[in-house]
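Student: I would like to take a close look at one part of this protein, namely the pairing of its charged side chains. Please guide me through it step by step.

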Amino acid sequence: MSGREMASGSGTGDDARRPRSVSHRRAGDDVLPVEGRLGSFDRARGWLNSEPLTSNGLRGRVVLVDFWTYTCVNWLRTLPYLRAWHAKYAAHGLTIVGVHTPEFRFERELSNVVARSRALGVDYPIAIDDHYGVWEDFANHYWPALYLADAHGRVRFHHFGEGEYAMTEMAIQQLLVEAGAEVEFDLVDVEPRGLEVAADWASLGSPETYLGYDRAGGFVAETSVPYDRPHVFPPVGPLRRNTWSLEGEWSLTREAVEVTAPGGRLSFAFRARDVNLVAAPAPGHSVPIRVTLDGAPVGIDHGTDVDADGRGAIVAADTLQLVRQSGDVVDRVVQIEFLEAGAAAYCLTFG
């Protein structure tokens with residue numbers, strides 16, 4: 001899966017795998033161009049971990065602005081580096097500002113952002129941008145998107161999507177040195193786990209797939225389907241790669257498919273190491289699920305949010321890792337059975 005541009009963009013993880021002796025350059029070896037002025041944070045609707053910040057008030061510090069939304073797996077895979085850079089460089093003059101601009105409606109709920117940012121260890125300042133004001137003032141189009149400004153408020157580097165971690169850190173070092181800081185020129189080591197582990201790009205053959213009718217692709221159904229009301233879906237035949245189907249009683253809505261009776265099944269034919277599901281329970285619900293691969297229990301190929309029998313639960317609006325294959329990546333069919341009603345599935349992502 002690639003980084004989102006209002007849904008999708010691009011990025012690779014190559015720099016994270018290069019030896020340091022090849023990838024590292026000392027600050028000053030290249031001149032970072034001036035790309036423009038740092039955008040405004042004035043239209044942020046609130047702040048976490050900080051008093052309100054302004055572009056002018058941050059003069060004198062190097063500023064890394066990171067646009068994110070907490071269910072985006074592309075952003076989750078950049079998070080280990082953001083945490084490490086904050087820990088290493090904050091005392092030397094770096095301020096990271098995470099601008100949380102939601103994609104799905106549940107990501108607009110402040111309580112969800114607070115809970116997930118704490119669980120994920122996002123300790124740097126967070127601008128709440130639920131009405132896209134900061135996004136618009138930066139003329140941004142991507143999750144994740146990173147903009148790096150020098151101590152004079154000039155944007156000197158940017159990157160969209162995943163990857164380029166070594167290059168980004170060297171740019172941070174260069175701008176800190178320009179501002180008069182003394183920094184060590186080694187690069188951070190990170191140990192990502194779960195959803196934060198980089199995708200297996202060489203084997204990845206399935207794209208992020210939205211399930212709501214506004215942006216759905218690859219949906220297979222035997223007949224025309226009504227929107228926004230319950231409908232019983234019969235089983236369909238074998239699925240081709242990157243197509244999906246529903247079985248049981250579901251309601252297709254603009255953003256999601258909602259299971260409206262126990263036993264609803266969502267099946268997807270994929271080629272990837274990982275399968276992740278963005279889902280949310282109805283208020284006050286916890287919806288148990290059971291995941292199979294090619295009709296059998298996931299076993300050792302289970303993700304962090306289900307056990308070897310494929311059992312797990314949707315307890316909060318979040319991204320769940322359902323599958324992480326341990327062997328060769330081949331074409332498979334994942335099926336998610338919702339054992340109770342009261343959950344919405346928004347999209348599937350792969351890694």
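Student: Does R332 count as buried or exposed, and what is its relative accessibility?

Tutor: R332 counts as buried, at 17% relative accessibility. Please keep in mind that this is a predicted model. The cut-off for a buried residue is a relative accessible area under 20%, so the value of 17% for R332 falls within that class. The partner of R332 is D294, and their side chains meet in a salt bridge with an N to O distance of 2.5 Å. The pair links distant parts of the chain, for R332 belongs to strand β20 (residues 332-338), while D294 sits in the loop between β16 (287-293) and β17 (296-297), 38 residues apart. D294 itself is partly exposed, with a relative accessible area of 46%.

The pair may now be placed in its setting. Side chains of opposite charge can pair when their charged atoms come close. A search of the whole structure finds 24 salt bridges. One of them joins R43 to D137, with the closest N and O atoms 3.1 Å apart. Because R43 lies in the loop between β2 (36-37) and β3 (46-48) and D137 in helix α6 (residues 133-137), this salt bridge ties together parts that are 94 residues apart in sequence. R43 is partly exposed, with a relative accessible area of 40%, and D137 is also partly exposed, at 34% relative accessibility.

Another salt bridge is formed by the side chains of R154 and D150, at 2.9 Å from N to O. Here D150 is buried, with a relative accessible area of 3%, whereas R154 is partly exposed, with a relative accessible area of 26%. These two residues do not stand alone: salt bridges that share partners join D150, R154, R156 and E178 into one network.

Finally, one may turn from charged pairs to cysteines. The count of disulfides comes to 0. The cut-off for a disulfide is a pair of cysteine sulfur atoms within 2.5 Å. For C72, the closest cysteine sulfur is that of C347, and the distance of 8.8 Å is too far for a bond. Taken from the other side, the closest cysteine sulfur to that of C347 is in C72, so C347 is likewise too far from a partner for a bond. C72 is buried, with a relative accessible area of 0%, and C347 also counts as buried, at 0% relative accessibility.

Notes
Residues are numbered from 1 along each chain as its sequence is written. This is a predicted model: local features need pLDDT of at least 70, side-chain atom pairs count only at pLDDT 80 or more; totals for chains, interfaces and linings use all residues. Side-chain values use heavy atoms; hydrogens and water are left out. A salt bridge is a side-chain nitrogen of Lys or Arg within 4 Å of a carboxyl oxygen of Asp or Glu. Helices (H or I, at least four residues) and strands (E, at least two) are DSSP runs, numbered from the N terminus. Buried means under 20% relative accessible area, exposed over 50%, partly exposed in between (1.4 Å probe, protein chains only).
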